Amino acid sequence: MQTQAITLFHLFIGLLLILIPAYILNYYKTGLVKDMFISVFRMVIQLFLVGFYLNYLFEWNNLWINIAWTLIMIGVCSGNLIKRIKLSQKIMFIPVYFSVFVSVALIVIYFLKGVLCLDDLFDSRYYIPICGILLGNVLSSSVIGLNAFYSSISREQQMYHYLLGNGATQTEAQMPFVRQSLIKAFNPAIASMAVMGLISLPGTLIGQIIGGSSPEISIRYQIMIMVINFSCSILSVLISLLWSVRYTFDSYGILKKNAFVS
Amino acid sequence: MIKFENVSFVFDDKTIVSGYSEHIKESEHVCLMGESGAGKSTIMKSIMGLIQPDGGKITVCGKEVTHADILSIRSHIAWVPQEVHLPYEFVKEALEAPFVLKVNQSRRFDKDQMFQLFETLSLDKSIYERRMQDISGGERQRLMIALAVMLDKKILLLDEPTSAIDSETREKMIAFLKTINITLFAISHDMPFALTCDRIIRLNKIR
């Protein structure tokens with residue numbers, strides 16, 4: 001099977017669909033029309049650029065370039081994540097960077113070597129998309145998880161101080177907040193796994209089927225994508241939480257004021 | 001037992017407490033009184049190292065409050081704040097969970113002792129099975145006092161212990177506090193309660 005190509009003209013025809021939401025958003029005076037057009041424009045440009053450099057990454061298929069790409073992407077992911085939760089880049093960058101690095105590296109090695117049994121771990125065709133999908137998921141769940149932890153521990157400082165004051169170690173006093181942040185970050189993913197295939201067909205599956213793979217192979221990939229995404233995200237959130245508290249809390253177990261950006 | 005030596009606290013360039021010195025002896029019951037903003041809560045929190053002084057020295061159980069000894073110091077303390085939302089759904093959990101903490105692992109949860117304490121503190125036995133959200137502030141404070149006794153702590157820090165209870169229960173609680181051999185440091189605006197303590201310390205607001 002060969003994938004039906006989309007010409008630039010037909011892509012333009014497809015993009016005209018955006019006029020429908022633009023009309024609706026404008027009719028109801030939501031004030032979102034300009035933002036929507038900017039977002040669509042950015043998405044198109046960004047994806048064309050990604051397509052452009054992915055072409056070269058696949059063509060070169062070079063170990064060092066792939067590693068450099070991963071390290072840069074982890075940096076971009078970590079910086080973005082810290083910026084979104086309004087924590088200090090200076091304090092958080094190193095713990096978040098290495099947490100993301102460790103969890104992505106572990107899962108990528110496990111999947112590409114242990115499950116796909118690839119000879120070349122850094123084969124661009126597999127390595128780049130898998131790292132990309134993992135980083136995207138790590139970013140979204142870490143934003144929710146870290147944000148839930150730091151906002152609840154600063155909002156419910158009285159409870160945290162009560163536990164510390166009554167003899168709990170820093171780890172023991174932070175346990176309820178870690179628990180809550182994991183629930184917030186991963187409840188949606190657990191619910192989504194439960195209905196996968198029933199009320200939703202994920203993008204990766206559809207992409208593979210359109211790309212010419214058989215549904216049987218696509219399904220197996222989709223199952224693995226769900227599992228590696230979930231495991232990588234939970235590892236990354238937990239490691240970055242447990243690691244970052246060493247930098248964001250003082251030796252008395254109190255949250256440092258300079259952990260947040262004003 | 002608790003010693004403040006020339007302690008000062010400064011927040012946002014404003015001195016809240018300056019040159020505060022005090023010595024609370026073992027088993028002494030002391031009530032700290034003073035107007036709002038005088039630094040009463042700050043002083044209480046500094047005993048547990050939740051706030052560090054900007055000058056002076058605090059010693060608890062013979063150890064200076066520094067990060068090196070903070071866990072050991074906190075292991076001797078039971079703190080009952082006026083208002084706190086606990087991370088437990090049921091009263092049962094709130095009473096049993098502290099026994100799992102590393103610091104309390106040598107202590108055993110004794111249900112009989114707990115029910116005896118409930119009786120002394122005018123708490124109904126059924127409260128043990130209730131949800132935390134279904135109990136009043138006064139009940140919560142008394143539960144936490146019972147817990148402090150069960151955990152055999154050396155120091156009990158109370159913040160407005162009589163503010164959320166009726167006069168009959170207050171009498172019972174005061175009588176109970178008198179019987180326990182513990183160093184008690186309380187913040188209160190309640191003069192009848194303060195008068196039952198061994199000593200009243202007045203803290204004046206710096207203007």
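**Figure 1. Helices α8 and α10 of chain A, packed side by side in a predicted model.** Helix α8 (residues 170-194) and helix α10 (residues 215-248) of chain A pack at an angle of about 165 degrees, and their axes are 11 Å apart. Because angles over 145 degrees count as roughly antiparallel, α8(A) is described as roughly antiparallel to α10(A). The crossing of α8(A) past α10(A) is right-handed. To trace the contact, start on α8(A), which brings A:Gln174, A:Val178, A:Ser181, A:Leu182, A:Ala185, A:Phe186, A:Ala189 and A:Met193. Facing them from α10(A) are A:Met226, A:Phe230, A:Ile234, A:Val237, A:Leu241 and A:Val245. By class, this contact between α8(A) and α10(A) holds 12 nonpolar and 2 polar residues, with no charged ones.

**Figure 2. The fold of chain A, the home of α8 and α10.** Chain A has 10 helices and 0 strands, so if you follow the DSSP runs from the N terminus, you will read the pattern α-α-α-α-α-α-α-α-α-α. The C-alpha trace of chain A spans about 65 × 55 × 35 Å along its principal axes. Of the 262 residues in chain A, 26% are buried. Take the contacts in chain A between residues at least 6 apart in sequence: 69% of them join residues at least 24 apart.

**Figure 3. Where domain 1 and domain 2 of chain A touch.** Chain A is divided into domain 1 (1-60) and domain 2 (62-259), as given by an automatic or database domain assignment. The C-alpha centres of these two domains of chain A lie 27 Å apart. Domain 1 of chain A gives 7 residues to the contact, and domain 2 of chain A gives 10 residues. On the domain 1 side of this contact in chain A, you will find 5 nonpolar and 2 polar residues, but no charged ones.

**Figure 4. The side of chain B that touches chain A.** Here 22 residues of chain B are in contact with 16 residues of chain A. Look for α2 (70-74) and β6 (77-80) of chain B, the elements that give two or more residues to the chain B side. The residues on that side of chain B divide into 14 nonpolar, 6 polar and 2 charged.

**Figure 5. Helices α4 and α5 of chain B.** Helix α4 (residues 111-120) and helix α5 (residues 137-150) of chain B pack at an angle of about 135 degrees, with 10 Å between their axes. That angle makes α4(B) oblique to α5(B). Their crossing, with α4(B) passing α5(B), is right-handed. The residues that meet are B:Gln113, B:Met114, B:Leu117 and B:Phe118 from α4(B), and B:Ala146, B:Val149 and B:Met150 from α5(B). Sorted by class, the contact of α4(B) with α5(B) has 6 nonpolar residues, 1 polar residue and no charged residues.

**Figure 6. B:Lys125, in the loop between α4 and α5 of chain B.** Follow the chain on from α4 towards α5 and you will come to B:Lys125 in the loop between them. B:Lys125 is exposed, because it has 10 other C-beta atoms within 10 Å and the cut-off for exposed is 12 or fewer. Leaving aside neighbours within four places in sequence, B:Lys125 is in contact with B:Phe115 and B:Phe118. B:Met114 offers another landmark: B:Lys125 and B:Met114 are 11 residues apart in sequence and 9.2 Å apart in space, C-alpha to C-alpha.

Note on methods
Residues numbered from 1 in each chain as written. Chains lettered and ligands numbered in written order. Predicted model: local features only at pLDDT ≥ 70, side-chain atom pairs only at ≥ 80, totals over all residues. Axes fitted to C-alpha atoms, helices over the stretch in contact; angles between N-to-C directions. Helix = DSSP H or I, 4+ residues; strand = E, 2+ residues; numbered from the N terminus. Parallel < 35°, antiparallel > 145°, perpendicular 65-115°, else oblique. Left-handed = near helix turned anticlockwise from the far one by under 90°. Contact = placed C-beta atoms within 7 Å. Nonpolar A, V, L, I, M, F, W, Y, C, P; charged D, E, K, R; others polar. Buried ≥ 20, exposed ≤ 12 C-beta atoms within 10 Å, placed from the backbone.
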